[in-house]
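This report goes through one protein chain, from its overall make-up to its helices, its charged pairs and its nonpolar cores. Please keep the sequence and the model in view while reading.

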Amino acid sequence: MNDQSDLLKSLRIDNDERSAGKTTRGLGPKQQLLAAAAITALAIAGTAAFMGTGSEEAPQVTTPASSNSNGSNSTASNEPTATPPASTTEPARAVTPAGETVLSASGYITARRMATVAAEITGLITDVLVEEGMTVEAGTVLARLDSAIASVDVERARAQLKAATSRIATVEVNLAEAERVLNRVSKLNVQDFSSEAALTRAKADVDSLKAELVTARADRDVAAITVRAAEEQLDNHTIRAPFSGVVTDKNAQPGEMVSPISAGGGFTRTGICTIVDMGSLEIEVDVNEAYINRVSTGQKVTATLDAYPDWDIPAHVVAIIPTANRERATVRVRIGIDAEDARILPEMGVKVAFLKT
(Lines give C-alpha, C1' and ligand atoms only; values in the text may rest on other atoms or scores of the structure.)
Protein backbone atom coordinates (compact mmCIF):
# COMPACT_ATOMS: atom_id res chain seq x y z
CA MET A 1 0.00 0.00 0.00
CA ASN A 2 2.79 2.40 0.74
CA ASP A 3 4.23 1.76 -2.67
CA GLN A 4 0.96 2.60 -4.38
CA SER A 5 0.55 5.83 -2.31
CA ASP A 6 4.01 6.96 -3.23
CA LEU A 7 3.27 6.30 -6.90
CA LEU A 8 0.08 8.36 -6.81
CA LYS A 9 1.86 11.27 -5.15
CA SER A 10 4.49 11.28 -7.83
CA LEU A 11 1.81 11.57 -10.56
CA ARG A 12 -0.06 14.43 -8.89
CA ILE A 13 0.56 18.03 -10.22
CA ASP A 14 1.13 20.74 -7.67
CA ASN A 15 -1.47 23.50 -8.19
CA ASP A 16 0.92 26.17 -6.99
CA GLU A 17 3.58 25.21 -9.50
CA ARG A 18 1.02 25.04 -12.35
CA SER A 19 -0.36 28.48 -11.55
CA ALA A 20 3.12 29.97 -11.46
CA GLY A 21 4.05 28.32 -14.75
CA LYS A 22 7.24 26.89 -13.30
CA THR A 23 6.81 23.36 -14.59
CA THR A 24 4.82 21.28 -17.09
CA ARG A 25 6.19 17.99 -15.92
CA GLY A 26 3.57 15.27 -15.90
CA LEU A 27 1.70 16.63 -19.00
CA GLY A 28 1.69 14.90 -22.32
CA PRO A 29 3.47 16.41 -25.34
CA LYS A 30 0.25 17.78 -26.89
CA GLN A 31 -0.83 19.24 -23.56
CA GLN A 32 2.55 20.96 -23.16
CA LEU A 33 2.26 22.44 -26.68
CA LEU A 34 -1.26 23.76 -26.04
CA ALA A 35 -0.24 25.29 -22.72
CA ALA A 36 2.76 27.07 -24.29
CA ALA A 37 0.56 28.43 -27.10
CA ALA A 38 -1.97 29.77 -24.60
CA ILE A 39 0.72 31.58 -22.60
CA THR A 40 2.20 33.14 -25.78
CA ALA A 41 -1.21 34.35 -27.02
CA LEU A 42 -2.00 35.95 -23.67
CA ALA A 43 1.35 37.78 -23.69
CA ILE A 44 0.76 39.12 -27.23
CA ALA A 45 -2.75 40.30 -26.36
CA GLY A 46 -1.50 42.08 -23.26
CA THR A 47 1.26 43.86 -25.18
CA ALA A 48 -1.13 45.01 -27.92
CA ALA A 49 -3.60 46.32 -25.38
CA PHE A 50 -0.83 48.28 -23.64
CA MET A 51 0.60 49.88 -26.84
CA GLY A 52 -2.62 50.40 -28.79
CA THR A 53 -4.14 53.87 -29.36
CA GLY A 54 -7.57 54.92 -28.28
CA SER A 55 -8.98 54.80 -31.83
CA GLU A 56 -7.55 51.40 -32.76
CA GLU A 57 -8.54 48.09 -31.27
CA ALA A 58 -6.03 45.35 -30.53
CA PRO A 59 -6.41 42.36 -32.84
CA GLN A 60 -8.38 39.47 -31.33
CA VAL A 61 -6.49 36.24 -31.12
CA THR A 62 -8.21 32.91 -30.48
CA THR A 63 -6.36 30.63 -28.10
CA PRO A 64 -6.68 26.88 -27.88
CA ALA A 65 -8.69 25.59 -24.97
CA SER A 66 -6.91 23.85 -22.09
CA SER A 67 -7.17 20.14 -21.71
CA ASN A 68 -10.10 18.70 -19.75
CA SER A 69 -9.82 16.65 -16.68
CA ASN A 70 -9.97 13.30 -18.49
CA GLY A 71 -6.94 14.16 -20.60
CA SER A 72 -8.77 14.80 -23.95
CA ASN A 73 -7.73 17.85 -26.06
CA SER A 74 -10.28 20.47 -27.20
CA THR A 75 -10.24 21.82 -30.78
CA ALA A 76 -9.12 25.45 -31.37
CA SER A 77 -11.70 27.86 -32.77
CA ASN A 78 -11.73 28.21 -36.58
CA GLU A 79 -13.11 31.79 -36.57
CA PRO A 80 -10.81 34.31 -38.37
CA THR A 81 -8.83 36.82 -36.33
CA ALA A 82 -10.37 40.30 -36.28
CA THR A 83 -8.16 42.97 -37.94
CA PRO A 84 -8.64 46.75 -37.97
CA PRO A 85 -10.02 48.19 -41.23
CA ALA A 86 -7.47 49.59 -43.69
CA SER A 87 -7.21 53.36 -43.84
CA THR A 88 -8.69 54.88 -46.99
CA THR A 89 -7.10 58.35 -46.52
CA GLU A 90 -4.49 59.19 -49.19
CA PRO A 91 -1.23 60.83 -48.06
CA ALA A 92 -1.21 64.62 -48.42
CA ARG A 93 0.70 65.97 -51.42
CA ALA A 94 3.18 68.83 -50.98
CA VAL A 95 1.77 72.00 -52.51
CA THR A 96 4.25 74.85 -53.08
CA PRO A 97 2.60 78.27 -52.99
CA ALA A 98 4.10 81.27 -54.77
CA GLY A 99 7.25 82.51 -53.06
CA GLU A 100 8.06 79.16 -51.48
CA THR A 101 11.28 77.25 -52.08
CA VAL A 102 11.23 74.81 -54.99
CA LEU A 103 14.92 73.95 -54.98
CA SER A 104 17.96 74.49 -52.76
CA ALA A 105 21.60 74.53 -53.79
CA SER A 106 24.99 75.69 -52.56
CA GLY A 107 27.79 77.55 -54.29
CA TYR A 108 30.27 80.39 -53.98
CA ILE A 109 30.53 84.14 -54.48
CA THR A 110 32.46 84.92 -57.66
CA ALA A 111 33.54 88.10 -59.45
CA ARG A 112 32.84 88.68 -63.13
CA ARG A 113 35.66 91.24 -63.31
CA MET A 114 38.83 90.02 -61.66
CA ALA A 115 42.36 90.37 -63.06
CA THR A 116 45.89 89.52 -62.05
CA VAL A 117 47.74 92.59 -63.34
CA ALA A 118 51.11 91.91 -64.95
CA ALA A 119 53.64 93.83 -67.01
CA GLU A 120 53.72 93.56 -70.79
CA ILE A 121 57.51 93.30 -70.75
CA THR A 122 60.18 91.59 -68.69
CA GLY A 123 61.87 93.90 -66.21
CA LEU A 124 63.12 94.56 -62.72
CA ILE A 125 60.54 95.86 -60.23
CA THR A 126 61.63 99.10 -58.61
CA ASP A 127 58.39 100.15 -56.84
CA VAL A 128 55.17 98.47 -55.73
CA LEU A 129 52.62 101.08 -54.67
CA VAL A 130 49.68 98.95 -53.53
CA GLU A 131 48.78 96.71 -50.58
CA GLU A 132 46.03 94.17 -49.96
CA GLY A 133 42.67 95.77 -49.27
CA MET A 134 43.53 99.03 -51.06
CA THR A 135 40.86 100.52 -53.32
CA VAL A 136 42.21 101.70 -56.68
CA GLU A 137 40.71 103.58 -59.60
CA ALA A 138 41.20 102.81 -63.28
CA GLY A 139 44.63 104.09 -64.34
CA THR A 140 46.12 104.15 -60.85
CA VAL A 141 49.86 103.35 -60.88
CA LEU A 142 50.39 99.98 -59.20
CA ALA A 143 54.12 99.41 -59.77
CA ARG A 144 57.13 100.58 -61.77
CA LEU A 145 59.95 98.74 -63.53
CA ASP A 146 63.51 99.82 -64.16
CA SER A 147 63.21 102.10 -67.22
CA ALA A 148 66.75 103.42 -67.73
CA ILE A 149 67.28 101.83 -71.14
CA ALA A 150 63.79 102.69 -72.31
CA SER A 151 64.32 106.33 -71.39
CA VAL A 152 67.50 106.44 -73.51
CA ASP A 153 65.61 104.94 -76.44
CA VAL A 154 62.99 107.65 -76.18
CA GLU A 155 65.61 110.38 -76.18
CA ARG A 156 67.31 108.89 -79.26
CA ALA A 157 64.01 108.66 -81.13
CA ARG A 158 63.13 112.23 -80.32
CA ALA A 159 66.55 113.37 -81.56
CA GLN A 160 66.01 111.51 -84.83
CA LEU A 161 62.63 113.20 -85.21
CA LYS A 162 64.22 116.59 -84.66
CA ALA A 163 66.87 115.88 -87.31
CA ALA A 164 64.26 114.76 -89.81
CA THR A 165 62.25 117.93 -89.21
CA SER A 166 65.34 120.08 -89.73
CA ARG A 167 66.15 118.30 -92.98
CA ILE A 168 62.68 119.14 -94.29
CA ALA A 169 63.29 122.82 -93.57
CA THR A 170 66.59 122.73 -95.43
CA VAL A 171 65.08 121.03 -98.48
CA GLU A 172 62.20 123.53 -98.54
CA VAL A 173 64.69 126.47 -98.58
CA ASN A 174 66.71 124.89 -101.42
CA LEU A 175 63.55 124.17 -103.36
CA ALA A 176 62.40 127.75 -103.07
CA GLU A 177 65.76 128.97 -104.41
CA ALA A 178 65.69 126.47 -107.28
CA GLU A 179 62.21 127.65 -108.25
CA ARG A 180 63.41 131.29 -108.34
CA VAL A 181 66.35 130.30 -110.55
CA LEU A 182 64.04 128.43 -112.87
CA ASN A 183 61.81 131.46 -113.10
CA ARG A 184 64.72 133.79 -114.09
CA VAL A 185 66.15 131.33 -116.59
CA SER A 186 62.76 130.91 -118.18
CA LYS A 187 62.39 134.67 -118.69
CA LEU A 188 65.89 134.96 -120.13
CA ASN A 189 65.26 132.05 -122.44
CA VAL A 190 62.20 133.79 -123.86
CA GLN A 191 64.37 136.79 -124.69
CA ASP A 192 67.11 134.49 -125.98
CA PHE A 193 69.47 135.55 -123.20
CA SER A 194 69.92 131.99 -121.81
CA SER A 195 70.56 128.63 -123.35
CA GLU A 196 68.27 125.62 -123.38
CA ALA A 197 70.81 123.74 -121.26
CA ALA A 198 70.52 126.27 -118.44
CA LEU A 199 66.76 126.06 -118.55
CA THR A 200 66.80 122.26 -118.49
CA ARG A 201 69.25 122.22 -115.57
CA ALA A 202 67.09 124.63 -113.57
CA LYS A 203 64.02 122.44 -114.09
CA ALA A 204 65.95 119.34 -113.04
CA ASP A 205 67.08 121.07 -109.84
CA VAL A 206 63.50 121.95 -108.95
CA ASP A 207 62.21 118.41 -109.59
CA SER A 208 65.07 116.88 -107.60
CA LEU A 209 64.43 119.09 -104.60
CA LYS A 210 60.71 118.33 -104.72
CA ALA A 211 61.48 114.59 -104.57
CA GLU A 212 63.95 115.16 -101.77
CA LEU A 213 61.29 117.08 -99.85
CA VAL A 214 58.88 114.14 -100.13
CA THR A 215 61.59 111.81 -98.82
CA ALA A 216 62.43 114.15 -95.96
CA ARG A 217 58.79 114.35 -94.91
CA ALA A 218 58.50 110.55 -94.99
CA ASP A 219 61.62 110.27 -92.84
CA ARG A 220 60.06 112.70 -90.41
CA ASP A 221 56.90 110.53 -90.22
CA VAL A 222 59.02 107.45 -89.55
CA ALA A 223 60.91 109.27 -86.83
CA ALA A 224 57.63 110.36 -85.24
CA ILE A 225 56.38 106.75 -85.22
CA THR A 226 59.68 105.67 -83.66
CA VAL A 227 59.18 108.22 -80.92
CA ARG A 228 55.69 106.95 -80.18
CA ALA A 229 56.95 103.37 -80.07
CA ALA A 230 59.76 104.29 -77.70
CA GLU A 231 57.38 106.24 -75.47
CA GLU A 232 54.97 103.30 -75.43
CA GLN A 233 57.81 100.99 -74.47
CA LEU A 234 58.76 103.38 -71.71
CA ASP A 235 55.15 103.53 -70.53
CA ASN A 236 55.09 99.72 -70.31
CA HIS A 237 57.51 100.06 -67.42
CA THR A 238 54.65 101.60 -65.43
CA ILE A 239 51.89 99.13 -64.45
CA ARG A 240 48.44 100.69 -64.01
CA ALA A 241 45.07 99.39 -62.84
CA PRO A 242 42.88 98.30 -65.79
CA PHE A 243 39.65 99.05 -63.88
CA SER A 244 38.44 100.23 -60.51
CA GLY A 245 38.39 97.68 -57.72
CA VAL A 246 39.99 96.34 -54.57
CA VAL A 247 43.43 94.75 -54.38
CA THR A 248 43.01 91.26 -52.96
CA ASP A 249 46.51 89.84 -53.52
CA LYS A 250 49.97 91.42 -53.70
CA ASN A 251 52.17 89.04 -55.67
CA ALA A 252 55.47 90.89 -56.12
CA GLN A 253 58.00 92.97 -54.22
CA PRO A 254 60.64 95.52 -55.29
CA GLY A 255 63.82 93.88 -56.53
CA GLU A 256 62.07 90.93 -58.17
CA MET A 257 61.86 90.24 -61.87
CA VAL A 258 58.47 90.25 -63.57
CA SER A 259 57.53 88.82 -66.95
CA PRO A 260 54.31 88.26 -68.90
CA ILE A 261 55.32 84.60 -69.24
CA SER A 262 56.73 82.18 -66.71
CA ALA A 263 60.52 82.09 -66.86
CA GLY A 264 63.57 81.74 -64.69
CA GLY A 265 62.67 78.46 -63.03
CA GLY A 266 59.97 80.03 -60.84
CA PHE A 267 62.08 83.03 -59.73
CA THR A 268 60.33 85.41 -62.15
CA ARG A 269 56.94 86.82 -61.15
CA THR A 270 54.12 86.77 -63.68
CA GLY A 271 51.84 89.22 -61.87
CA ILE A 272 52.02 92.29 -59.65
CA CYS A 273 48.66 92.07 -57.87
CA THR A 274 45.08 90.86 -58.21
CA ILE A 275 42.23 93.36 -58.49
CA VAL A 276 38.56 92.50 -57.99
CA ASP A 277 35.65 94.68 -59.07
CA MET A 278 33.32 94.39 -56.07
CA GLY A 279 30.46 95.69 -58.16
CA SER A 280 30.57 92.58 -60.34
CA LEU A 281 30.06 89.99 -57.59
CA GLU A 282 27.53 87.25 -58.24
CA ILE A 283 26.72 83.71 -57.09
CA GLU A 284 27.64 80.60 -58.99
CA VAL A 285 25.99 77.27 -58.14
CA ASP A 286 25.86 73.81 -59.69
CA VAL A 287 22.35 72.37 -59.97
CA ASN A 288 21.75 68.68 -60.50
CA GLU A 289 20.58 68.23 -64.07
CA ALA A 290 17.57 66.22 -62.84
CA TYR A 291 16.19 69.41 -61.20
CA ILE A 292 17.29 72.07 -63.69
CA ASN A 293 13.71 72.24 -64.98
CA ARG A 294 12.82 74.03 -61.73
CA VAL A 295 15.16 76.93 -62.56
CA SER A 296 14.43 79.71 -65.06
CA THR A 297 16.08 82.98 -66.07
CA GLY A 298 14.88 85.90 -63.94
CA GLN A 299 13.63 83.60 -61.17
CA LYS A 300 13.73 85.07 -57.66
CA VAL A 301 16.30 83.59 -55.31
CA THR A 302 17.06 83.97 -51.61
CA ALA A 303 20.75 83.63 -50.77
CA THR A 304 22.29 83.03 -47.34
CA LEU A 305 26.00 83.35 -46.68
CA ASP A 306 27.59 80.70 -44.51
CA ALA A 307 29.22 83.54 -42.55
CA TYR A 308 25.85 85.26 -41.91
CA PRO A 309 23.22 82.50 -41.70
CA ASP A 310 20.50 84.88 -40.42
CA TRP A 311 20.86 87.33 -43.32
CA ASP A 312 18.65 86.71 -46.36
CA ILE A 313 20.03 88.34 -49.51
CA PRO A 314 17.62 88.99 -52.40
CA ALA A 315 18.90 87.73 -55.74
CA HIS A 316 17.74 86.49 -59.13
CA VAL A 317 18.85 84.04 -61.80
CA VAL A 318 20.99 85.79 -64.41
CA ALA A 319 21.68 82.90 -66.75
CA ILE A 320 21.68 79.13 -67.02
CA ILE A 321 24.90 78.06 -68.71
CA PRO A 322 23.76 75.94 -71.70
CA THR A 323 25.99 72.95 -71.03
CA ALA A 324 26.19 70.20 -68.42
CA ASN A 325 29.12 68.74 -66.55
CA ARG A 326 29.31 65.12 -67.66
CA GLU A 327 31.31 63.95 -64.65
CA ARG A 328 29.12 65.54 -61.99
CA ALA A 329 25.82 65.61 -63.90
CA THR A 330 25.26 69.26 -62.99
CA VAL A 331 24.43 72.50 -64.79
CA ARG A 332 26.04 75.81 -63.79
CA VAL A 333 23.70 78.67 -62.87
CA ARG A 334 24.69 82.34 -62.49
CA ILE A 335 22.77 84.32 -59.87
CA GLY A 336 22.89 88.11 -59.62
CA ILE A 337 22.89 89.83 -56.23
CA ASP A 338 20.23 92.54 -55.96
CA ALA A 339 21.70 94.35 -52.94
CA GLU A 340 25.40 95.23 -52.80
CA ASP A 341 26.99 95.00 -49.37
CA ALA A 342 30.55 95.22 -48.05
CA ARG A 343 30.05 91.96 -46.17
CA ILE A 344 29.78 90.00 -49.42
CA LEU A 345 33.29 88.88 -50.38
CA PRO A 346 34.63 86.76 -53.24
CA GLU A 347 34.91 82.98 -52.69
CA MET A 348 32.48 83.01 -49.74
CA GLY A 349 30.29 79.95 -49.37
CA VAL A 350 26.59 80.56 -49.94
CA LYS A 351 23.34 78.61 -49.92
CA VAL A 352 20.52 79.61 -52.26
CA ALA A 353 16.81 78.84 -52.33
CA PHE A 354 15.04 79.11 -55.69
CA LEU A 355 11.55 80.50 -55.18
CA LYS A 356 8.42 79.55 -57.06
CA THR A 357 7.37 82.25 -59.49
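The model is predicted. Among contacts in the chain between residues at least 6 apart in sequence, those joining residues at least 24 apart make up 72%. The secondary structure consists of five helices and 15 strands, and of the 357 residues in the chain, 27% are buried. About 23800 Å² of the chain is exposed, with carbon and sulfur atoms supplying 53% of that area.

**Helix α4 and its end**

Helix α4 covers residues 148–190, and its 43 residues should span 63 Å at 1.5 Å a residue; the end C-alpha atoms are 64 Å apart, which agrees with that expectation. The buried residues of α4 are A150, V154, A157, A164, I168, V171, L175, A178, L182, V185 and N189, and what covers them includes α5, residues 196–235.

Is N189 buried or exposed? N189, placed in helix α4, has a relative accessible area of 15%, and because the cut-off for buried is under 20%, N189 counts as buried. Leaving aside residues up to four places away in sequence, N189 touches S194, S195, E196 and L199. The C-alpha atoms of N189 and L199 are separated by 7.3 Å, although the two residues are 10 residues apart along the chain. After α4 comes D192, whose phi is positive, near 60°.

**Salt bridges**

Side chains of opposite charge can pair when their charged atoms come close. A search of the whole structure finds 15 salt bridges, and the table sets out three of them with the relative accessible area of each partner.

| Acidic residue | Basic residue | N to O distance |
|---|---|---|
| D277 (16%) | R113 (41%) | 3.5 Å |
| E231 (31%) | R158 (46%) | 2.8 Å |
| E282 (4%) | R334 (18%) | 2.8 Å |

In the salt bridge between R113 and D277, the side chains meet at 3.5 Å, N to O. This pair links distant parts of the chain, with R113 in the loop between β1 (101–111) and β2 (114–117) and D277 in the loop between β10 (273–276) and β11 (281–288), 164 residues apart. R113 is partly exposed at 41% relative accessible area, whereas D277, at 16%, counts as buried.

The salt bridge between E231 and R158 has its closest N and O atoms 2.8 Å apart. Because E231 lies in helix α5 and R158 in helix α4, this pair ties together parts that are 73 residues apart in sequence. E231 is partly exposed, with a relative accessible area of 31%, and R158 counts as partly exposed at 46%.

For E282 and R334, the closest N and O atoms are 2.8 Å apart. E282 belongs to strand β11 and R334 to strand β14 (residues 330–337), so their salt bridge ties together parts that are 52 residues apart in sequence. E282 is buried, with a relative accessible area of 4%, and R334 counts as buried at 18%. R112 is linked with E282 and R334 in a network of salt bridges.

**A buried lysine in strand β7**

Which side chain makes a polar contact with the side chain of K250? The partner is E131, at 2.8 Å. K250 lies in strand β7, residues 245–250, and with a relative accessible area of 17% K250 is buried, since the cut-off for that class is under 20%. Not counting residues up to four places away in sequence, K250 touches V128, V130, E131, E132, I272 and C273.

**Nonpolar cores**

The largest nonpolar core has 25 residues, and those with the most contacts inside it are I109, I283, V285, I335, V352 and F354. Two or more residues of this core come from each of β1, β11, β12 (300–305), β13 (312–325), β14 and β15 (349–355). Another core lies apart from it and has 19 residues, among them A143, I239, F243 and I272. Strands β11 and β14 thus appear twice in this account, as they give residues to the largest core and also hold E282 and R334. I272, in turn, is one of the residues of the 19-residue core and is also touched by K250.

Terms used
Residues are numbered from 1 along each chain as its sequence is written. This is a predicted model: local features need pLDDT of at least 70, side-chain atom pairs count only at pLDDT 80 or more; totals for chains, interfaces and linings use all residues. Side-chain values use heavy atoms; hydrogens and water are left out. Helices (H or I, at least four residues) and strands (E, at least two) are DSSP runs, numbered from the N terminus. Buried means under 20% relative accessible area, exposed over 50%, partly exposed in between (1.4 Å probe, protein chains only). Contact means heavy atoms within 4.5 Å. Accessible areas come from the Shrake-Rupley method with a 1.4 Å probe; for residues, only the protein chains shown count as cover. A polar contact is a pair of N or O atoms within 3.5 Å; within protein, one must be able to donate a hydrogen and the other to accept it, and residues adjacent in sequence count only if both atoms are side-chain atoms. The expected span of a helix is 1.5 Å times one less than its number of residues. A nonpolar core is a set of buried Ala, Val, Leu, Ile, Met, Phe, Trp, Tyr and Cys residues joined through side-chain atoms within 4.5 Å.
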